[in-house]
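User: Could you walk me through this structure? I am new to reading models like this.

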Number of protein chains: 2
Amino acid sequence: MPRPPRYDQSVLLDAAVELAAAAGPAAVTMAAVAKQTGTPNGSMYHRFPQRAVLLAELWLRTVGHFQEGYLAVLDSDPEPRRAALAVARHVVAWSRAHPREAAVLLHGPDAFDRADWPEEYAVRADRGNRRVLAAVSGLAEQLGATAPADAERVALALIDIPLALVRRHLRGVGRLPAHAEDLAERCAADLLATGR
Amino acid sequence: MPRPPRYDQSVLLDAAVELAAAAGPAAVTMAAVAKQTGTPNGSMYHRFPQRAVLLAELWLRTVGHFQEGYLAVLDSDPEPRRAALAVARHVVAWSRAHPREAAVLLHGPDAFDRADWPEEYAVRADRGNRRVLAAVSGLAEQLGATAPADAERVALALIDIPLALVRRHLRGVGRLPAHAEDLAERCAADLLATGR
DNA sequence: ATTGAATTGGAGCCTACTCTCTATAACATG
DNA sequence: CATGTTATAGAGAGTAGGCTCCAATTCAAT
């Protein structure tokens with residue numbers, strides 16, 4: 001019986017991503033998203049009761065897209081070493097394919113006012129992170145890493161270093177060079193080398 | 001003949017750093033810095049004609065401190081390989097010793113509204129960056145790196161990866177584990193290994 | 001056709017912030 | 001001591017953005 005929505009949430013989030021990528025999280029104002037999509041001010045507050053919810057949804061959708069592919073690649077190869085190298089490459093490749101979403105990720109949740117999110121959203125964000133962390137730890141174990149410092153090394157190789165590579169280039173010229181995937185894979189291979 | 005200043009610029013910048021580290025660059029408002037230091041609103045605008053100048057000075061002072069130490073360590077050892085490893089360690093050690101300033105650095109200049117800075121400040125920031133980049137490139141050359149991709153690898157090892165390590169921990173619990181320096185050095189050593 | 005919940009559209013309130021303006025205080029020099 | 005120069009001090013104008021409110025509109029279900 002209700003009237004169907006006219007301004008789709010996903011359209012609003014698309015605009016929000018674009019604004020965040022182009023001018024930073026602070027540029028994601030209710031007014032800016034409304035203007036960009038032609039939505040009236042009041043309608044924005046039907047989809048998102050507060051700005052913090054808009055930012056939270058924006059973050060969760062983006063990081064969800066990323067993690068989905070990340071976990072898929074991790075699980076795609078039963079051989080742990082190959083899976084690790086593939087996932088390091090994947091982070092770079094995904095960022096190349098989705099530069100705007102990657103720019104959002106590089107800002108991190110705090111830049112999207114994580115402190116103001118309703119608890120539900122913070123919980124969902126944590127759950128996603130733990131899922132990835134657990135998958136990486138599992139891989140580290142298969143690779144023979146036992147100490148917590150080893151798990152950290154693997155996380156550095158499979159998450160932080162590929163993202164550092166992406167950051168270096170997206171913050172600069174804005175294009176990832178063709179060999180970035182190779183570099184990420186090589187760093188990962190070095191760090192995963194056993195017997196160290 | 002002039003009346004001596006009562007509110008020192010460095011004191012205001014100290015407060016600004018603290019605010020930025022604790023609650024992000026957006027928390028560095030003229031009002032917040034004034035309140036924290038007991039300065040009246042109007043006096044702020046004697047030191048910093050606009051907020052953008054406050055943010056620019058904050059950034060330049062912080063990054064200057066960092067780069068000063070960085071270059072000193074780079075030059076402290078004539079043997080390029082040892083200098084490289086020392087500098088990778090240094091990034092982590094400096095961040096441990098100056099957690100608030102490190103937090104500022106991790107936000108990057110754009111978060112401090114670099115686009116709004118008067119040109120003079122942007123030029124100074126560029127000059128500093130180029131100086132470090134040149135030093136790193138010089139080291140890369142001494143290490144036998146020739147292709148631009150090699151220089152990038154060295155920059156990744158001596159700047160981005162140590163910073164990624166710092167970011168991982170400062171964004172989390174807020175304390176750097178004791179072995180972080182070792183990890184940074186090891187990553188650097190792996191990446192600098194010749195004949196690859 | 002009627003009903004009523006959901007949605008839209010927009011005027012405008014409120015807060016927080018940047019920045020201006022004016023008056024006054026302190027100090028060096030002639 | 002008079003004077004010029006610079007700093008302090010505070011009030012408040014102007015503005016941007018988050019958010020509220022409410023009347024008008026739409027449309028599925030009855």
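Analyst: What follows is a short talk about how two chains touch and how two helices pack. This is a predicted model, in which local features need pLDDT of at least 70 and side-chain atom pairs count only at pLDDT 80 or more, while totals for chains, interfaces and linings use all residues. Residues are numbered from 1 along each chain as its sequence is written, chains are lettered from A and ligands numbered from 1 in the order in which they are written, and side-chain values use heavy atoms, with hydrogens and water left out.

User: How many residues does the contact take from chain B and from chain A?

Analyst: Chain A gives 25 residues and chain B gives 25 residues, where contact means heavy atoms within 4.5 Å.

User: And how many salt bridges are there between chain B and chain A?

Analyst: There are two salt bridges between them (a side-chain nitrogen of Lys or Arg within 4 Å of a carboxyl oxygen of Asp or Glu). One of them joins B:Arg168 to A:Asp160, with the closest N and O atoms 2.5 Å apart.

User: Which elements of chain B give two or more residues to that side?

Analyst: They are helix H8 (148-170) and helix H9 (180-192) of chain B, helices being DSSP runs of H or I with at least four residues, numbered from the N terminus. H8(B) gives the most, with twelve residues.

User: New topic: which residues of H6(B) meet H8(B)?

Analyst: B:Pro99, B:Ala102, B:Ala103 and B:Leu106 in H6(B) meet residues of H8(B) that include B:Leu163 and B:Val166.
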